[in-house]
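Thanks for making the time this morning. I would like to take you through one chain, and I will try to keep to what can be read from the coordinates.

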Amino acid sequence: IIGLNSRGSATRIKQQQGSMLGAFCCLSFGADVRRELAVAKWAYCVLFTIVTVVTWLLRSYGEAAFKHNRIFVYYCSNPSAASNAVLSSSALCSGQQVALRFSFATCCFFLLHFVLLFWCKKERDVRVGLHTSLWFWKCLLWAGALVGFLFIPGEAVFYYANIARFGAGLFLVFVMVEMVTWVYGINEALVSKDNWWSWTALVAGSVLCFAGGLACIGTAYYYYAKS
């Protein structure tokens, strides 16, 4: 009887240890996935910022080089838009054309990303890896799209530009919602600590953001406002 009780106790202990190990593994897996999702979120933000800066530089300072490139001029020409002063061939064969084509390529890249990850709501979904890994291939695909879209017909860019007039507004609303959500999370984290350092960081951060916003508006008005 003592031997049976001992074996039964050992079995129960092993089962408890197995349950604890399984729970620990599940918690670790969930924490790792959440960490990878957070890293992926910031990685996409950084990559998008880099593409935006490159687009701005090419749009503002690369126009002369593109206008003297016969291959680019051939692909950006759009005779069907000759009556449109903004989207005519002469206007599109410029730095604005680069911005439209880079925007088109980026839009298609994230549209493919959306299609592949549609309704991916669980952390154990196998498609989560498409979002949090394969960075070399995704960067290669994105860069290839940016270069490849420089050589698509001008008619496609013309139609995309008309659609983007409305899509850009929706995108700005989405970005503002995301930024408000992100700032709200930071605010809640600082307020929950309720100490001198957190309140100092909260007030100082608010003042710096407000001053930085005014400085950006003034700089943009100084350099880009029409006289």
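I will begin with the overall fold and then go through the pockets, the core, the cysteines and a few individual residues.

Please keep in mind throughout that what you see is a predicted model. The chain holds nine helices and zero strands, and when it is read along the sequence the pattern is α-α-α-α-α-α-α-α-α. There are 227 residues in the chain, of which 22% count as buried. As for how the chain meets itself, if we take the contacts between residues at least 6 apart in sequence, 71% of them join residues at least 24 apart.

Let me turn to the pockets. How much space lies in the largest pocket? The volume comes to about 2,400 Å³, and the pocket is lined by 48 residues, with F48, F110, F171, F174 and V175 the closest to its centre. Four elements give two or more residues to that lining, namely helix 1, helix 5 (95-116), helix 6 (128-132) and helix 8 (154-193). Of these, helix 8 supplies the largest share, with 14 residues. If we sort the lining by class, we find 32 nonpolar residues, nine polar and seven charged.

The second largest pocket has about 300 Å³ of space. Its lining consists of 13 residues, and those closest to the centre are V183, I186, G205, S206 and C209. Here the elements that give two or more residues are helix 8 and helix 9 (196-224), and helix 8 again gives the most, this time with eight residues. The classes in this lining are ten nonpolar and three polar, with no charged residues.

Next, the core. Which residues of the largest nonpolar core touch the most other members? Out of 17 residues in that core, they are F102, F104, A105, W142, L146, F149 and I152. The core draws two or more residues from each of helix 5, helix 7 (135-148) and helix 8, and helix 5 makes the largest contribution, with six residues.

W142, which I have just listed as part of this core, is worth following a little further in the viewer. Leaving aside residues up to four places away in sequence, W142 touches L47, F48, V51, T106, F109 and F110. Two of those partners, F48 and F110, are also among the residues closest to the centre of the largest pocket.

A105, another of the core residues on that list, can be paired with G148, which is found in helix 7. The C-alpha atoms of G148 and A105 are separated by 8.3 Å, although the two residues stand 43 apart along the chain. G148 counts as partly exposed because its relative accessibility is 33%, which lies between the 20% and 50% limits.

A residue in helix 1 (residues 2-61) gives a useful contrast, and that residue is T55. T55 counts as buried because its relative accessible area is 13%, under the 20% limit. If neighbours up to four places away in sequence are set aside, T55 touches A99 and F102, and F102 is again a member of the largest nonpolar core.

Now the cysteines. How many disulfides does a search of the whole structure find? The search finds zero. For C108, the nearest cysteine sulfur is that of C107, at 5.6 Å, and C108 is in no disulfide, because a pair would have to lie within 2.5 Å. C108 itself is partly exposed, at 29% relative accessible area. C209, which we met at the second largest pocket, counts as exposed, since its relative accessibility of 60% is over the 50% limit.

Finally, a word on backbone geometry. Most residues other than glycine have a negative phi. Against that background, L134 has a positive phi, near 60°, and D194, which is not a glycine either, has a positive phi of about 50°. L134 sits in the loop between helix 6 and helix 7, while the place of D194 is in the loop between helix 8 and helix 9. Are these two residues buried, partly exposed or exposed? L134 counts as partly exposed, at 46% relative accessibility, whereas D194, at 56%, counts as exposed.

That is where I will stop, and I am happy to go back to any part of the model on the screen.

Technical notes. Residues are numbered from 1 along each chain as its sequence is written. This is a predicted model: local features need pLDDT of at least 70, side-chain atom pairs count only at pLDDT 80 or more; totals for chains, interfaces and linings use all residues. Side-chain values use heavy atoms; hydrogens and water are left out. Buried means under 20% relative accessible area, exposed over 50%, partly exposed in between (1.4 Å probe, protein chains only). Contact means heavy atoms within 4.5 Å. On a 1 Å grid over the protein atoms alone, a cavity is a set of points where a 1.4 Å probe fits but cannot get out, and a pocket is an open set with protein on both sides within 12 Å along at least five of seven lines; lining residues have an atom within 4 Å of a point. Grid points are joined across faces, edges and corners, and a volume is the space filled by probe spheres set on the points. Ala, Val, Leu, Ile, Met, Phe, Trp, Tyr, Cys and Pro count as nonpolar, Asp, Glu, Lys and Arg as charged, and the others, Gly among them, as polar. A nonpolar core is a set of buried Ala, Val, Leu, Ile, Met, Phe, Trp, Tyr and Cys residues joined through side-chain atoms within 4.5 Å.
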